[in-house]
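Here are my notes from going through the model, set out as numbered points. Have it open in your viewer while you read.

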Amino acid sequence: MSTAEPGRTEVSWIVESAGARLAVYEHGDPGNETVLLVHGYPDTHSVWDGVAALLAESFHVVTYDVRGAGRSSAPRASRDYRLDLLAADLFAVADAVCPDEPVHVVAHDWGSIQSWEAVTDPGAERRIASFTSISGPCLDHVGHQVRQRLSRPTPRNLGKLVSQLLHSWYILLFQLPLLAPAVWRLWLARRWASVLERVEGVPPTAGHPAPTLRSDAVRGIALYRANMLGRVGRGPRERSTGIPVQLIQPSGDHYVTEALTEGVERWAPRLWRRTVQAGHWVPLTHPEAVARMATEFIRHIGGEPASRTVRRARVGVRRAPFADHLVVVTGAGSGIGRETALTFAEAGAEVVASDIDKGAARRTAELVEVLGSRGYGYGLDVTDESAVRDFAGEVAARHGVPDIVVNNAGIGHGGPFMATTTKDWHRVLDVNLWGVIHGCRAFGERMVERAEGGYIVNVASMAAYLPTRDLPAYATSKAAVYMLSDCLRAELDGHAIGVSTICPGVVSTNITRTATFAGVGEAEQGRKRDRATGLYARRNYTPRRVAAEIVRAVQRGKPIVPVTPEAKVTYLLSRVSPATLRAAAKLEVS
Amino acid sequence: MPSTQLDFSERDLERFREVQQLAYRCAEETAAWLEPGVTERQAAAELRRRLVAGGVEDFFHVPFAWFGDRTAFRGFRVPFQFFPSNRVLREGMAFVLDCAPIIDGYTADIGYGGRVGENRIWDRLCADLREYRELILRLVREGHALDEIYKQVDALIARHGFDNRHQVYPGRVIGHQVTRQHAIGPKGVTLFGFGIRTLQTLGRELISERLHGRSPLWADKHASAHAPTPGLWAVEPHIGFRDVGIKYEELLVVTGDPGNPAYWLDDDLPHVRRWQAMEVA
């Protein structure tokens, strides 16, 4: 059936299948496991260039131009683009390049639609080991789903149908004669690169859009005409599979919404579902993320222990709210930091506890283990930028990119402005502000790069919005953290990384035992420390209650959380009557 | 009047030691008898039955039993909550037995912690409790004031990441003085959980010590700003983590002799043996 074509370097094989000649491309060591990449519309194999290069480091990677696209032949009739033929093409390629072992399929858009057809073919598990589906549902599943929604026309169900229809306008246009081909021929093919760049944020690359785009796009319309009405409209079939399926949903997909794959576990019980913070053309915009997700999944199916993100993606498993999440907490050796680490651990999270006191951080990690989770303790001075960067790198390498980072490390400092020295200012700002900046930057970058969302919690203080003559340096540092968090929240919103600002109030913690006071001698320092500690102890608001609020803030995505009653009241006052707080600020408390 | 010297003879100390041994033996037997389904009341009654069978005539306070999160005194607001309740013991729960038997005026006051089945939190607490016994003895021997020792114990609790549960006891006490009881009135009659003879003795002690600016109760208040007076002190560090609490309680001998200022009356006790076994393992 197949012949090698040594004359054309980039095409490795020509595979004949059901009346079409398919151009097949190979990368990597053929001795490795085979990954078959199937492209969508109106692309060619070149949509996978970035992903293929990355996967080729550890797999035998095979791509091909589907019938009608790129260098493959293009049957003329619409009926020659039926899904059963497309599925036969996939099997033919797999048989040619890897006759003895089942292959791992990774597919995008229409490539995924036709791969579903192959995957749900009876006996497919002999040829396909796993399927990673990006933005392309099984049309039969969609057909069932539409019928089900129409049979129970609740506002919610109808809303989802209308929403998907609005995303699928082009599918309807493609059913009309003449119009779509004319648009592609006369205008869109020439402008496609700039449309992609402007609408989808996809910069043109060497192979994409392909030089054959005009004809690919026109012929590919047959995909829609040959299959859409039949499968979705008239009679969807029952198509199930026992093959493990990983669904990757791009969060910003303008064409294929998450609602389209709702309930897929009914047909594919071995299902993993994850979201990538990207648009529809994620193989082009985020090749690292796609290659990583595919690799993690394939390795797990091959028998390796699942990575944390793969475990989290498994559908149909009951788990604790933060099970399979990694949480990093700074200042976790005592007080609010330690309790936050423990509370997340109780909710199932793995915890990296860091503290300037390494022994205390390790102790927190031990307690995390006692609570039945996994904990790791690190010594970390948050004021040292390169140390924080190294720490973030080490955490990512050893434990993975964290899902939640709590920038909690802080120190207390009291005393009037005139008595506060430059050195005091540096010390307070270094820990309370720069520590947070370093943490947000080092971990934020990694979260953005991973493209699977995340959460940053910055522990500020009631002093962030409550002026007082007694805490100028401390309050300034916390007000800065408050504003920093507001700005960062806006920036990270598009990456699905939430940011919460926690404003605790008077909480009984170690901070009063280590606080310093400006303009007083050693003995007076100790006395003030004892008095503050006594006052905070009598207030008796435990760090554990603050930790519970932090966990709740992450669960609910709350932007600002004043914790204690006094923090809530002064927060309200700072909104409705800041003049009152300004007047109260003149009172000398300590 | 309180003396600067220990006014117990070796014979007296031996009697105290015997009562303490009896109390711990009964607690161990009761612990072995416990099984899922038993209530705190049944456990306390069993403990009392065994103590009486062992010759106990009166109680410094009634026997207590706490199960589950009640071992950490979670949700305790009023002293009546210390009394044994209908809480049922379940697999994996921690428990604490606490009793204070008196024979011939010689008083013991002990606390025994355990668990039914697996409980990792309890295991950790149990292992770490050892440090408190060592710390308290060292600080007493170094002559620190009681309130200062209390604060250092608090600091250790904070370092461990646990919380102080003895602060829930009346007066926040981590310990109290124990004397040989010479009181009148019927034995075995209690008021608010304390034997009426206990209340007489305790009241007398409270008054006489207060006259000397001292307290027979060991807390973190100003009244405890003195080194422990020679005599016997029942010391009961009680620590908790999440819904699990553990304590031990035993007699500390404060001698007033600079050569050997203090020692635990007896080292052959269940919690000490547990730590020794851990060391071997």
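1. Which residue does H238(B) stand opposite in strand 12 of chain B? The partner is K247(B). Keep in mind throughout that this is a predicted model.

2. That pair belongs to a bit of sheet worth tracing. Strand 11 (residues 238-241) of chain B runs antiparallel to strand 12 of chain B, and 4 bridges join them. The sheet is an open one with 3 strands, ordered 5-11-12 in chain B. Strand 5 (163-164) and strand 12 (244-247) of chain B sit at the edges, each pairing on one side only. As general background, strands in a sheet pair through backbone hydrogen bonds, in either a parallel or an antiparallel sense.

3. Next, helix 5 (residues 196-211) of chain B. Its 16 residues span 23 Å from first C-alpha to last, close to the 22 Å you'd expect at 1.5 Å a residue. Just after helix 5 of chain B comes G213(B), with a positive phi near 70°.

4. How are the buried residues of helix 5 of chain B arranged when seen down its axis? The residues in question are R197(B), T198(B), T201(B), L202(B) and E205(B). They fall within an arc of 125°, so they line one face of the helix. The general rule behind this sort of pattern: an α-helix has 3.6 residues a turn, so residues three or four places apart point the same way.

5. The two sides of that helix are easy to pick out. Covering the buried residues of helix 5 of chain B are, among others, strand 1 (58-67), strand 6 (175-178) and strand 8 (194-195) of chain B. On the face turned away from the buried side you'll find the exposed residues G203(B), I207(B), R210(B) and L211(B).

6. Over to chain A. An unreviewed UniProt entry lists residues 34-287 of chain A as "domain: AB hydrolase-1". Over that stretch, the chain is 45% helix and 16% strand, with its end C-alpha atoms 18 Å apart.

7. Is D49(A) buried or exposed? It counts as buried, because it has 20 C-beta neighbours inside 10 Å, and 20 is the cut-off for that class. D49(A) lies in helix 1 (residues 49-55) of chain A. Leaving aside neighbours within four places in sequence, D49(A) contacts T205(A) and G207(A). Its C-alpha is 18 Å from that of D216(A), 167 residues away along the chain.

8. Last, the interface: 7 residues of chain A are in contact with 5 of chain B. Helix 13 (residues 358-370) of chain A contributes the most on the chain A side, with 4 residues. By class, that side has 2 nonpolar, 3 polar and 2 charged residues.

Conventions:
Residues numbered from 1 in each chain as written. Chains lettered and ligands numbered in written order. Predicted model: local features only at pLDDT ≥ 70, side-chain atom pairs only at ≥ 80, totals over all residues. Contact = placed C-beta atoms within 7 Å. Helix = DSSP H or I, 4+ residues; strand = E, 2+ residues; numbered from the N terminus. Nonpolar A, V, L, I, M, F, W, Y, C, P; charged D, E, K, R; others polar. UniProt positions renumbered as here; feature names shortened; annotations may be inferred. Buried ≥ 20, exposed ≤ 12 C-beta atoms within 10 Å, placed from the backbone. Expected span 1.5 Å × (residues − 1). Arc of directions from axis to C-beta. Pairing = 2+ DSSP bridges.
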